[in-house]
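Me: I would like a close look at a single part of this model, the packing of one pair of helices, and then an account of how the surroundings fit around that part. Please take it step by step and keep the reasoning visible.

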Amino acid sequence: VPMSRRAGTGPAVQPARFPHITRDWTTAGILRDVLIALVPVITGSLWLHGWRAAALLSVSVAVCIAGEALACLIARKPLTIVDGSAAVTGVLLALTLPAGTPLPAVACGALFAIWVIKAFFGGLGKNLLNPALAGRVLILLLWQLPSASASGPTEWMDLFLRGSTDLASPIGSVPALLVLLGAAYLYLRGIITLTAPLAFFAASAGMVWVFGGESLFTGSPVTFLADGGVLLIGFFILSDTV
């Protein structure tokens, strides 16, 4: 460690590069990897729900980016939309919503996520809640969303390989294989670890087994974990670096 002495301040230490850091991490780089990992999930949602999924994703992402740009202009701060965080929030918000969600509701949820949950608390890294899930909660409170039907797949193998086509299911409930593909990319890139996701899956599946059936200990944790929407929460939302 090189040492130098400044006049009147005593010895000053100039630390060398940390030896355990082998990659130059940047916010934009991390979030770019998250967007790349979400491509299989987005593709699956478009395949299952067509233009409905495309509309939800387009409105959510566009409003999140525009809302963040406007928030930066109002606060007289540098534009932060290039770091990709607003785009990630928009994609995740849309993927947690049913295909039949009204587009005005999506826009309101996106603005709430960016302005109230993110910008109000100081921007990326300072928000107390996940913006995408907070936007979803607002939509659930203010709008009547489609109710679940019995037409979607109920067997775990169907969910795992085909996903859910029920309009009441989130468009992120794609075939679990697609979510696992994206999660594997994040893990191999070093963006996420498996500790938090596996703990979430174990705890929530255990609760489903105990309380999710017609009587105690009759729920189906396998069917629960075969839902791509559940895997999306564990790997992409719960593991949020913020």
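Reply: Helix 1 and helix 7 pack with their axes 8 Å apart and at an angle of about 170°. Since angles over 145 degrees count as roughly antiparallel, helix 1 is roughly antiparallel to helix 7. The model is a predicted one, and the values that follow are computed from it. From helix 1, the residues that take part are Asp33, Val34, Ile36, Ala37, Pro40, Val41 and Gly44, and they meet Leu178, Val179, Leu181, Gly182, Tyr185 and Leu186 in helix 7.

Helix 7 itself can be checked for regularity before its faces are considered. It comprises the 13 residues 176–188, which at 1.5 Å a residue should span 18 Å, and the end C-alpha atoms are 18 Å apart, so the expected and the computed span agree. The buried residues of helix 7 are Ala176, Val179, Gly182, Ala183 and Leu186. Viewed down the axis of helix 7, these buried residues fall within an arc of 130°, and therefore they line one face of the helix. A general point about helices helps here: an α-helix has 3.6 residues a turn, so residues three or four places apart point the same way. On the other side of helix 7, Leu181 and Leu188 are exposed. The buried residues of helix 7 pack against helix 1 (27–49), and also against helix 6 (156–162) and helix 10 (228–237). Just after helix 7 comes glycine 190, which takes a positive phi of about 80°.

On the helix 1 side, valine 41 is a useful residue to follow. Valine 41 lies in helix 1, and because its relative accessibility is 0%, valine 41 counts as buried. If neighbours within four places in sequence are left aside, valine 41 is in contact with Leu95, Gly172, Val174, Leu178, Val179 and Leu232. Among these partners, Leu178 and Val179 also appear on the helix 7 side of the packing with helix 1. Valine 41 also illustrates a separation in sequence that is bridged in space, for valine 41 and glycine 228 are 187 residues apart in sequence and 8.7 Å apart in space, C-alpha to C-alpha.

That pairing can be set against the whole chain. The protein chain has 10 helices and two strands, and from the N terminus on its elements run β-β-α-α-α-α-α-α-α-α-α-α. Of the 242 residues in the protein chain, 41% are buried. Among contacts between residues at least 6 apart in sequence, 68% join residues at least 24 apart.

A second pair of helices offers a contrasting geometry. Helix 3 (residues 85–95) and helix 5 (residues 131–142) pack at an angle of about 40°, with their axes 8 Å apart, and helix 3 and helix 5 are therefore oblique to each other. Helix 3 passes helix 5 in a right-handed crossing, and the contact is made by Thr89, Leu92 and Leu93 of helix 3 together with Pro131, Ala132, Gly135 and Arg136 of helix 5. The 12 residues of helix 5 should span 16 Å at 1.5 Å a residue, and its end C-alpha atoms are 17 Å apart, which agrees. Its buried residues are Pro131, Ala132, Ala134, Gly135, Leu138 and Ile139, and they cover an arc of only 165° around the axis, which puts them on the same side of helix 5. What covers the buried residues of helix 5 includes helix 3 and helix 4 (103–119).

Helix 2 (residues 51–75) contains glycine 67, which is buried, with a relative accessible area of 4%. Not counting residues up to four places away in sequence, glycine 67 touches Leu111, Ile114 and Trp115. Glycine 67 and isoleucine 81 are 14 residues apart in sequence and 9.6 Å apart in space, C-alpha to C-alpha.

Two loop residues deserve a careful look at the backbone. Arginine 76, in the loop between helix 2 and helix 3, has a positive phi of about 55° although it is not a glycine, and arginine 76 is exposed, with a relative accessible area of 78%. Phenylalanine 217, in the loop between helix 8 (195–211) and helix 9 (221–225), likewise has a positive phi, of about 65°, although it is not a glycine, and at 48% relative accessibility phenylalanine 217 counts as partly exposed.

Conventions:
Residues numbered from 1 in each chain as written. Predicted model: local features only at pLDDT ≥ 70, side-chain atom pairs only at ≥ 80, totals over all residues. Heavy atoms only, no water. Helix = DSSP H or I, 4+ residues; strand = E, 2+ residues; numbered from the N terminus. Expected span 1.5 Å × (residues − 1). Buried < 20%, exposed > 50% of the residue type's maximum accessible area, 1.4 Å probe, protein only. Arc of directions from axis to C-beta. Contact = heavy atoms within 4.5 Å. Axes fitted to C-alpha atoms, helices over the stretch in contact; angles between N-to-C directions. Parallel < 35°, antiparallel > 145°, perpendicular 65-115°, else oblique. Left-handed = near helix turned anticlockwise from the far one by under 90°.
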